[in-house]
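Here are some short exercises to work through with the model open beside you. Try each task before you read its solution.

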Amino acid sequence: MDVLPPELLDYILSFVSTSQLQSTTLSLLIALPKSSISLALLWRHLRLTREGQSLAATVSLRESGGALRNAVRSAVVEAWREDPQLMVNLLGSLPNLKSLRMTIGPLFQPEHLEEMLEMPAWKASVEQIYLRFNPYVMERSYYTFLKGAYFDSTPLSLATWLAAGAPNLRRLAFVQDLPPNHGAAVKETPAFGLMSEVADEMGTMTMNPNPRAARTEGKMDFAQPIVFFKLFCLSVLALSPVGANLTSLVLRLPRRNLLTALTAYPLLPPPCPFPSLKILDISTTHLIADTRLPLLLRIHPALQFVILDRVTGLIGSKETEEQYLPTLKWLGKCFGGVGASRSEDVVRAWRRLVKDRPTGVPAPGPPEDTPRLMSTEKKKRAGRSGYANMPRTKAAEKVVETPKVAPLVWASELVPLVKEVLHIPPAPKIKGVGLGLFPLSKKMDGQWRDAFQEGFQEAIDKIGDKIEDAIHRWEVWKAAGKLSDGTRRIVTLRDSIPPNSAWVDWDYEEPDEVFKKFCLDRDLIVIEPAAALEVLASIRASKCVVCFVPDCSGEPGVPHLSLSLISKELVEEREKREKGIWEQEERERGGWWKGDGEHQVGCAHLASRQAWKDGEE
């Protein structure tokens, strides 16, 4: 290989995965010191996996000038105890960075991340940011709570970015490891009067038998630090220029109810929250069966894939034959009935507008040349006064000629105002749902899938019936001659109609200015009944793939900071301990991570994997 040209070596190494490229290139440089392998390959996908590498990488890049710094395309940090300031200085100086993945441990403070996001060199080139948080500690400490060291400033900092300043950012992830006491069950305190030894036995904590729990024996019945304090920082991000460009968003915040923050927006029309969002992952969060989930789906019109792996509150921790089938059916109705909900919102909004809208027909006035009399006499106020009782001569009424004005516009010449609107619900854009709560048996997988699809199909049939009723109502109006006054319209979303549909007048200009603005704000288009039949056909063909294979870890997080070991644990011992934790995590990953072949074809898990994989290449 020493004689191979550098272009051919670059081509050969292009087949190596991004996670192995750095180590593979380094091995080749050591084994073949005279080869023409470009050093840029060594730095194209930068990986930091242990303490001290940030300093070494910074020194190497500084000595090489700007060539190697410009060669870095992605950076991955997998070190919980690395110096945060060194990481900020290194990562913030890479001008061509496209993908950033970081582990943020207990030593990393919000101000460090805020400093890195203030003016990074890669702001114009970055395409995806993946931040994994583990703020957990081994001993009880309230430093984080007392100081208020929360990362709410991170979404707020990103919300200040202009779309022109970060034109390529499309994928964003905030992932928090499960708490160390995840899977632990504290038994209830027994009633008074029971034997004390029974009370002591019932008060003990029982842990799930797993290797990670064994490593952290004796933990952790105290409050652990959290990443975000007020979740409404996510609401600000949703309405920001950066949020408008995001196509994939991952929010894995264990046991936090995100639906309130993701639906607490001003009333539509625009600005819409996350208008370009196609993939939403809210795994490990707390989700309950209420109106917030349908509202979340309704206000994100571009959403195609939703992942709800290992959520709490929706379904319990164990599979049962019948208990959760109604919940699965309800979920299917939520995802299948998104179009109907949006249609009802449009109709209600227009009815409110028409109710408060004036008729627009002026009342008949006096003839054009008739002068008006203006009295100089002021209106008397209530009460008695000396001036009011004084005898005086009444002032003569003064005739004032009014200027000539344009002739009045009579009702026969007015533009007819739109009164009644029929809205054709669009086909649901949801293509896949990930609902990997826990491993299911083959029998249970089939039962859950049937329940979900039953609810989804019921929602689709209901939308189809509404469209048929709307078409029938339009035909009744036509037969009764009610369409001749021009006060009725049939509309649907613009993207619901094929761009070359022959049943839409694409050059149609709406004469009613109020209704025209109403349609523009909601991206509506006036159609003919035949176009509604096209929408109906697409709705009847709608399918949603549901996958029950978990695609994220269900193991409790490991605390990486011990206050009692500060200044006592040697660096070598800490590195050995951290390396063992990463190796254990990799072994556990082999238990829950499944290949693409074990997931349903076209499911949300595979779509999310592909989106983030493309960003790293």
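**Exercise 1. Find what share of the contacts in the protein with a separation of 6 or more comes from residues 24 or more positions apart.**

Step 1. Take as a contact any pair with heavy atoms within 4.5 Å. Residues 24 or more positions apart account for 85% of the contacts with a separation of 6 or more.

Step 2. Keep the basis in mind: this is a predicted model, where local features need pLDDT of at least 70 and side-chain atom pairs count only at pLDDT 80 or more, while totals for chains, interfaces and linings use all residues. Residues are numbered from 1 along each chain as its sequence is written, and side-chain values use heavy atoms, with hydrogens and water left out.

Step 3. For the wider setting, the protein has 23 helices and 17 strands; these are DSSP runs numbered from the N terminus, with helices being H or I of at least four residues and strands E of at least two. Of its 617 residues, 44% count as buried, where buried means under 20% relative accessible area, exposed over 50%, and partly exposed in between (1.4 Å probe, protein chains only).

**Exercise 2. Work out the strand order of the open sheet of 10 strands, and which strands stand at its edges.**

Step 1. Strands pair if DSSP finds at least two bridges between them. Following the parallel pairing gives β1-β2-β3-β4-β5-β8-β9-β10-β14-β17.

Step 2. β1 (45–48) and β17 each have a single partner strand, so one side of each lacks a neighbour in the sheet. From one strand to the next, the twist averages 10°.

Step 3. Now zoom in on β8 (residues 248–252). Its parallel pairing with β5 (residues 171–176) runs over 5 bridges, with V175 as the bridge partner of R252. Another 3 bridges join β8 to β9 in parallel, where S248 stands opposite I279.

Step 4. I279 also stands opposite F305 in β10, and β9 (residues 279–281) is joined to β10 by 3 bridges.

**Exercise 3. Is strand β8 buried or exposed?**

Step 1. Count: 5 of the 5 residues of β8 are buried, so the strand is largely enclosed by the rest of the structure.

Step 2. Split the strand by face. In a regular strand the side chains alternate between the two faces of the sheet. Here S248, V250 and R252 lie on one side and L249 and L251 on the other, and all are buried.

**Exercise 4. Identify the helix that gives the most to the largest nonpolar core, and check its length.**

Step 1. A nonpolar core is a set of buried Ala, Val, Leu, Ile, Met, Phe, Trp, Tyr and Cys residues joined through side-chain atoms within 4.5 Å. In the largest one, with 108 residues, F335 and W448 touch the most other members. Helix α19 (residues 442–479) gives the most, with 12 residues.

Step 2. The expected span is 1.5 Å times one less than the number of residues. For the 38 residues of α19 this should be 56 Å, and the end C-alpha atoms are 55 Å apart, which agrees.

Step 3. After α19 comes G481, with a positive phi near 75°.

**Exercise 5. Describe the surroundings of S542: is this residue buried or exposed?**

Step 1. S542 sits in the loop between α21 (529–540) and β17 (545–547). With a relative accessible area of 10%, S542 is buried.

Step 2. Beyond its neighbours within four places in sequence, S542 contacts A427, P428, F456 and I460. A polar atom of the S542 side chain also lies 3.1 Å from the backbone oxygen of S538.

Key: Polar contact = N/O pair within 3.5 Å; in protein donor to acceptor, adjacent residues only side chain to side chain. Axes fitted to C-alpha atoms, helices over the stretch in contact; angles between N-to-C directions.
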